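Dear colleague,

I am passing on the structure we spoke about, and I would be glad if you could look through it alongside the notes underneath.

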Amino acid sequence: MESLRRAYAGKRVFITGHTGFKGSWLCEWLLGLGAEVWGYSLPPPTRRALFAQLGLAGRVRHLAGDVREPQALARAVRRCRPHFVFHLAAQPIVRASYVDPAETWGINAMGTAHLLDALRGLPSPCAAVIVTTDKVYADASRPQREDGILGGKDPYSASKAAAELAVASWRESFFSEPGSCALASARAGNVIGGGDWASDRLLPDCARALARGEPVEVRNPGSIRPWQHVLDPLGGYLMLGAELHRAIGSRARRAELCGAFNFGPAGRDHRPVRAVIAEVFKHWPGRWRRQVEARAPAETAILLLDIGKARRVLGWRPRWGFAEAIERTTVWYRDASPRTAAKLTRRQLAEHASALP
C-alpha cells in the first residue's frame, strides 16, 4: 500500500466507466491513496449502485459522458491532463451482447479506439491501463498466456479482442518511443465482489434470490471460470499503472511492461459454478435449481488463465483465494444496507491491504 501511495498520491487519475461496479471500487481505493480522481462515464448502469452508496459523485471530478462520443471524450481527457488513465468503460455482459451486438462493439471496440486517440492529443505522456477480459482468447480451455491467439465466438468476446488489437495498433503506431504514453492492457478473470447488481451474473443473481428466499436459478453449473475478488485484479491494475508511469522514459522497461497482462486466481481456484454456489450457501444458506432455456445463447464452458507474467514482471499475487473471495462477497451482499455499504466496502479494502499475497 505504501508503494502505491507513493505512486498515486497527488496525481491526476482519469477513469472511464467509474460509475460501474469495478470503477467504483477503483475510485474508492485511489481516493484512499490520495489521488485526484477524474471519472468519465454514463450514469450507473443499475438502479442500486455502489457508486451512489459510496457517495462518489461528490468525491471525484465526475464528468458525465459516453466513450462513443470522441470529441467529448477528448475534451475531458485534455481537461484532466492525467498522469494515469484506467479505461474500464464497457458493455460487460456476454448475454446482453447477443441482444444488441452493434452497441456492444460500439462501446467496447470503438470506445477503446476513441480513448486511445484522445491520449494522442495530450501535451505530456501518461501511463494507461486498458481493461479487457479473459474472454479475448480463441481457446481458453487450457491456461492461456498473453501471447495466446485472440478470438471470440460471441459478440462480447470478439469486441474485446478487437479492443486488444486496437491497443496493440496504437502502441506500435503512436506510443512506441520513450517519452510517449506507456500503454498496456489488463485481462482479468471472472470478477466478483459486493456492489455488483448487474443481471445475468452469478453472485448478484444469488444475492437477489437469497434475499427473497427463493432458489437460485443456475444456467450452467458445470462451467469453469477463474473466480477472483474484485480487489485482486484492481490491485494488479494499480501496480501495472505505477510501473508503467515509472517506465515512460525507459526503452528497456517499456519493452517489458507495454503489453498485455493476465490477472486471475491461482490455478486451483478455477472452479465450476456449482462450487461457487456451495461456498455461498456456507455463509447465506439457500437452495438452487437448474435453469432450463429452450434457446439459450452459447457461452464458453471453460475459461483458464495463466498469470505467470504478472507474477514475474510485477511481483503481483492474488491475496484472497477462492473460499475467501466468495465469503467476502457473500457477506457484503448479506450485510450491506444503504447505510452500511460504504463502511463495509472500506473495511474490506483495509483487510485486503493487510492480507499476505
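The notes below go from the whole chain to one sheet and then to one helix.

Please keep in mind throughout that this is a predicted model. The protein chain contains 14 helices and 12 strands, and its radius of gyration is 19 Å, close to the 21 Å that the globule rule gives for 357 residues, so the chain is as compact as a globular protein of that length. Along the principal axes, its C-alpha atoms fill a box of roughly 55 × 40 × 40 Å, and 57% of the 357 residues count as buried. Of the contacts between residues at least 6 apart in sequence, 82% join residues that are at least 24 apart. The accessible surface of the chain comes to about 14,900 Å², with 51% of this belonging to carbon and sulfur atoms.

One open sheet is made of 3 strands in the order β7-β9-β11, with mixed pairing. Its edge strands, β7 (190–192) and β11 (270–272), each pair on one side only, and neighbouring strands of the sheet are turned by 50° against each other on average, with direction ignored. Strand β9 (residues 224–229) pairs with β11 in the antiparallel sense over 3 bridges, and R225 stands opposite R271 in β11.

Helix α9 (residues 231–246) reaches 23 Å from its first C-alpha to its last over 16 residues, close to the 22 Å expected at 1.5 Å a residue. This helix is mostly covered, with 12 of its 16 residues buried; among them are L231, D232, P233, Y237 and L244.

With best wishes

Note on methods:
Residues numbered from 1 in each chain as written. Predicted model: local features only at pLDDT ≥ 70, side-chain atom pairs only at ≥ 80, totals over all residues. Heavy atoms only, no water. Helix = DSSP H or I, 4+ residues; strand = E, 2+ residues; numbered from the N terminus. Expected span 1.5 Å × (residues − 1). Buried < 20%, exposed > 50% of the residue type's maximum accessible area, 1.4 Å probe, protein only. Pairing = 2+ DSSP bridges. Axes fitted to C-alpha atoms, helices over the stretch in contact; angles between N-to-C directions. Rg over C-alpha atoms; globule rule 2.2 N^0.38 Å. Contact = heavy atoms within 4.5 Å. Areas by Shrake-Rupley, 256 points an atom, 1.4 Å probe, with all protein chains shown as cover.
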